[in-house]
Amino acid sequence: MATREEGKDRRRLDIVRAAHRLVQQTGSTGFSMRALADEAGVSVATPYNLFGSKQAIMYAVLDADIEAYQQSLERVRADGIDVFFKAVTLSTSLFAKEPEFYRTVLFAVYSDGGREYRAMFSGPRHAMWRRLVVEARDGGLLSQDVDPDAFALQLGRSFFASILEWVLGELTLKELDVWAQYGFALLLLSMATPTSQTRLRDLVTATQKQIRASWRERAKQVNGSESRRSAG
């Protein structure tokens, strides 16, 4: 027989999965809590009792991917520096599978601006970045002076700044990947040891070139659109 806590966990999972389906079906987080409860097969009070708010449910929807994401990252073959950049590309690959879904949920979490938004930089995400920082430091790739907590927090903030630009339509996924890699390269270079400095400088240079190339491509697209409008 399932325990009370197991029953709660099952209902939480049902609610998170129902919210995921509703976002996919409607393209919005504007559905009512009653609609969510009906989709999950629970009473209308249950989502409030188990999560407290819709924003918390949206964060749980987003958080549902992190365990699988971390397992995928652990299977990636990379040293203590490369793994940061592999983590970025793994995230953008995840977003590419359901771009509108992730845009919608991320925007909902960001717009709340409260505890759920701040949770983007704490909990399992912060723990993941912190672990990578400690491993790079212990492997002699980052300075012993690096503060794992502060540095991990700054990595998370830098990454989410680029993600937010994508959510708001300012960047393509490809541009998100490049800008996030550029930010990570600059941050890691600031605390790099001689063992990793050259590689990180090369990555800064390479991503700068990619950024300039994307600017040129955008300029061509704008000029092409203006030319077509003039011809019409």
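# Questions on a predicted all-helix chain

Student: About how many helical turns separate glutamate 135 and arginine 131?

Tutor: In this predicted model, glutamate 135 and arginine 131 both belong to helix α9, residues 123-138. An α-helix has 3.6 residues a turn, so residues three or four places apart point the same way. Because glutamate 135 and arginine 131 are 4 residues apart in α9, their separation is about one helical turn.

Student: What is the N to O distance in the salt bridge of glutamate 135 and arginine 131?

Tutor: Side chains of opposite charge can pair when their charged atoms come close. The cut-off for a salt bridge is a side-chain nitrogen of Lys or Arg within 4 Å of a carboxyl oxygen of Asp or Glu. The side chains of glutamate 135 and arginine 131 meet in such a bridge, with an N to O distance of 3.3 Å.

Student: Is arginine 131 buried, partly exposed or exposed?

Tutor: Buried means under 20% relative accessible area and exposed means over 50%. Its partner glutamate 135 has 43% relative accessibility and therefore counts as partly exposed. Arginine 131 has a relative accessible area of 31%, so arginine 131 is partly exposed.

Student: Which residue does the side chain of lysine 8 meet in a salt bridge?

Tutor: The partner lies in helix α1 (residues 4-26), as does lysine 8, and the two are 3 residues apart, about one turn of the helix. Lysine 8 is partly exposed at 22% relative accessible area, and the partner is partly exposed at 44%. The N to O distance is 3.9 Å, and the partner is glutamate 5.

Student: What is the N to O distance between aspartate 9 and arginine 12?

Tutor: Aspartate 9 and arginine 12 also sit 3 residues apart in helix α1, about one turn of the helix. Aspartate 9 has a relative accessible area of 44%, and arginine 12 has 26%. Their side chains form a salt bridge with an N to O distance of 2.8 Å.

Student: How many salt bridges does a search of the whole structure find?

Tutor: Some bridges join two residues of one helix, including the pair of aspartate 9 and arginine 12 in α1. A network of salt bridges links Asp79, Asp82 and Arg199. For the whole structure, the number of salt bridges found is 11.

Student: What span is expected for the 16 residues of helix α6?

Tutor: Helix α6 covers residues 82-97, and its end C-alpha atoms are 23 Å apart. The expected span is 1.5 Å times one less than the number of residues. That distance agrees with the expected span, which is 22 Å.

Student: How far does α1 reach from its first C-alpha to its last?

Tutor: α1 has 23 residues. The buried residues of α1 are Gly7, Ile15, Val16, Ala18, Ala19, Leu22 and Val23. At 1.5 Å a residue the expected span is 33 Å, and the reach of α1 is close to this, at 33 Å.

Student: Which residue just after α1 takes a positive phi?

Tutor: Helix α1 covers residues 4-26. Just after α1 comes a residue with a phi of about 70°, and that residue is glycine 27.

Student: How far apart in space are glutamine 25 and phenylalanine 101, C-alpha to C-alpha?

Tutor: Glutamine 25 is placed in helix α1 and is exposed, with a relative accessible area of 54%. In sequence, 76 residues separate glutamine 25 from phenylalanine 101, whereas in space the C-alpha to C-alpha distance is 9.6 Å.

Student: Which helix gives the largest share of the lining of the largest pocket?

Tutor: The largest pocket holds about 230 Å³ of space. Its lining includes Thr172, Lys174, Gln210, Glu217 and Arg218. Two helices, α11 (173-190) and α12 (194-231), each supply at least two lining residues. The largest share, 7 residues, comes from α12.

Student: What is the area of the nonpolar surface patch made by Phe107, Tyr110 and Leu168?

Tutor: Tyrosine 110 is placed in helix α7, residues 99-112. Patch residues need over 30% relative accessible area, and tyrosine 110 has 31%. Together, Phe107, Tyr110 and Leu168 make a patch of about 270 Å².

Student: What percentage of the 232 residues of the protein chain count as buried?

Tutor: The chain has 12 helices and 0 strands. Among the buried residues of α6 are Val83, Phe84, Phe85 and Phe95. Of the 232 residues of the chain, the share that counts as buried is 43%.

Methods. Residues are numbered from 1 along each chain as its sequence is written. This is a predicted model: local features need pLDDT of at least 70, side-chain atom pairs count only at pLDDT 80 or more; totals for chains, interfaces and linings use all residues. Side-chain values use heavy atoms; hydrogens and water are left out. Patches are made of residues with over 30% relative accessible area and no salt bridge: like charges are joined within 9 Å, nonpolar side chains (Val, Leu, Ile, Met, Phe, Trp, Tyr) within 5 Å. Accessible areas come from the Shrake-Rupley method with a 1.4 Å probe; for residues, only the protein chains shown count as cover. Buried means under 20% relative accessible area, exposed over 50%, partly exposed in between (1.4 Å probe, protein chains only). On a 1 Å grid over the protein atoms alone, a cavity is a set of points where a 1.4 Å probe fits but cannot get out, and a pocket is an open set with protein on both sides within 12 Å along at least five of seven lines; lining residues have an atom within 4 Å of a point. Grid points are joined across faces, edges and corners, and a volume is the space filled by probe spheres set on the points.
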